[in-house]
Amino acid sequence: MTIDSVVGDTTHVDELRVLEAESVHIIREVVAELERPVLLFSAGKDSIVLLRLAEKAFRPSPLPFPVLHVDTGHNFPEVIEFRDRRLADAGHTLLVASVQESIDSGRAQEIGGPNASRNRLQTRTLLDALEAGRYDAAFGGARRDEERARAKERVLSFRDEFGQWDPRAQRPEPWSLYNGRIRRGEQVRVFPLSNWTELDIWRYIEQEGLELPPIYFAHEREVFERDGILLATSEFTSPADSESAATEWVRYRTVGDLTITGAVRSHATDIAGVIGEISAATVSERGETRADDRTSVAAMEDRKREGYF
């Protein structure tokens with residue numbers, strides 16, 4: 001073995017390990033600087049990766065914060081089953097903030113109509129949960145490549161005492177230095193996956209052997225098309241008179257409220273097949289499958305300004 005080959009072996013660093021190390025560093029920094037963090041968990045692919053990174057950051061110790069799911073009540077059953085099992089098996093503390101309870105208490109108002117969704121109502125439920133738990137930092141799995149408003153985010157996204165986001169009032173983060181100082185009542189949303197892409201997420205899932213809800217892989221499901229999005233037929237969503245349902249082979253690129261989360265036609269039944277399809281994709285997962293982001297060009301930014309994740 002030559003000296004050059006030894007140097008080459010020791011200087012090569014896998015890109016995924018660099019991203020992993022960056023994310024672990026961010027998680028540890030926030031726990032060191034803030035008093036009461038919480039991890040937001042939807043049981044989607046990004047939050048599954050985020051949870052694994054948090055576990056790595058503190059193993060063999062337990063997580064030093066609870067896990068919070070904001071539950072719209074309009075969920076894919078497979079996702080809720082996975083959520084409960086994954087967290088129970090790991091011994092993590094699960095907190096569920098219910099949009100239905102917010103509606104019942106008058107804190108949020110249900111919206112009717114054929115395109116009704118509880119997605120926007122999550123904001124009030126989330127803010128109430130953060131206030132009730134006195135959480136000053138919330139880890140989330142958002143990535144900058146998902147959507148234009150999220151591309152504006154810093155890793156540490158500061159929110160005022162009302163939980164609202166002002167993109168002009170964010171702090172610089174030179175050389176990966178993070179200033180987590182806040183005044184009482186303010187909050188920080190923390191995005192350790194900011195520099196990851198959808199492809200990075202899937203490659204990491206493959207590398208780590210992470211389990212996912214089965215809806216991420218191709219399966220047969222009854223769907224109908226609305227505004228260019230394939231929605232699942234369910235007790236919460238059904239085709240209008242001018243729409244028709246059909247059973248197709250589909251998978252989901254992102255997981256959320258099933259009333260606004262669309263599927264994509266696919267025959268990718270394993271991770272290799274999904275990675276192949278994503279590598280050839282020209283539209284982001286939110287752009288292709290999320291009806292809530294199509295209400296206006298600034299839909300996500302408007303929700304974030306109100307306090308959305």
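# A tour of the predicted model

Of the 309 residues of the protein, 53% count as buried. The model is a predicted one. Show the whole chain as a cartoon to begin: it has 11 helices and 10 strands. Among the contacts with a separation of 6 or more, 73% are between residues 24 or more positions apart.

**Stop 1: helices α2 and α3**

Select residues 15-33, which form helix α2, and residues 45-58, which form helix α3. Two packed helices are described by the angle between their axes and the distance between the axes. Here the axes come within 9 Å and cross at roughly 70 degrees. An angle of 65 to 115 degrees counts as roughly perpendicular, so α2 is roughly perpendicular to α3. The crossing of α2 past α3 is right-handed.

Now show side chains at the contact. On α2, pick R17, E20, S23, V24, I27, R28 and V31. On α3, pick L50, L53, A54, K56, A57 and F58. Colour this set by residue class: eight residues are nonpolar, one is polar and four are charged.

**Stop 2: R124 in helix α6**

Move to residues 122-132, helix α6, and select R124 within that helix. Is R124 buried or exposed? Neither label applies: R124 is partly exposed, because its relative accessible area is 31%, and the band for that label lies between 20% and 50%.

Add I103 to the selection and draw a distance between the two C-alpha atoms. R124 and I103 are 21 residues apart along the chain, and their C-alpha atoms are separated by 9.9 Å.

**Stop 3: strand β6 and its partners**

Select residues 187-190, strand β6. Which way do the side chains point from β6? Q187 and R189 point one way, while V188 and V190 point the other way. All four of these residues, the charged R189 included, are buried.

Next add residues 137-139, strand β4, which pairs with β6 in the parallel sense over three bridges. To find a point of register, pick A137: its bridge partner in β6 is V188.

Then add residues 156-159, strand β5. The pairing of β5 with β6 is antiparallel and has four bridges. Here L156 stands opposite V190 of β6. V188 and V190, which point the same way from β6, are thus a useful pair to keep labelled: V188 is the bridge partner of A137, and V190 stands opposite L156.

**Stop 4: the four-stranded sheet**

The last stop is an open sheet of four strands in the order β8-β7-β9-β10, with antiparallel pairing. Which strands lie at the edges? They are β8 (229-232) and β10 (264-265), each of which pairs on one side only.

Walk across the sheet from the β8 edge. Select residues 219-226, strand β7, which is joined to β8 by four bridges and runs antiparallel to β8. In this pairing E225 stands opposite L230 of β8.

Add residues 245-251, strand β9. How many bridges does β9 form with β7? The two strands pair over six bridges, in the antiparallel sense. Label E220 and W249, since W249 in β9 is the bridge partner of E220.

Finish at the other edge. Two bridges join β9 to β10, and these strands run antiparallel. Pick V250 and then R265, its bridge partner in β10.

Methods: Residues are numbered from 1 along each chain as its sequence is written. This is a predicted model: local features need pLDDT of at least 70, side-chain atom pairs count only at pLDDT 80 or more; totals for chains, interfaces and linings use all residues. Side-chain values use heavy atoms; hydrogens and water are left out. Buried means under 20% relative accessible area, exposed over 50%, partly exposed in between (1.4 Å probe, protein chains only). Two strands pair if DSSP finds at least two bridges between them. Axes are lines fitted to C-alpha atoms, for helices over the stretch in contact, and angles run from 0 to 180 degrees between N-to-C directions. Angles under 35 degrees count as roughly parallel, over 145 as roughly antiparallel, 65 to 115 as roughly perpendicular and the rest as oblique. A crossing is left-handed if the near helix is turned anticlockwise from the far one by less than a right angle, and right-handed if clockwise. Contact means heavy atoms within 4.5 Å.
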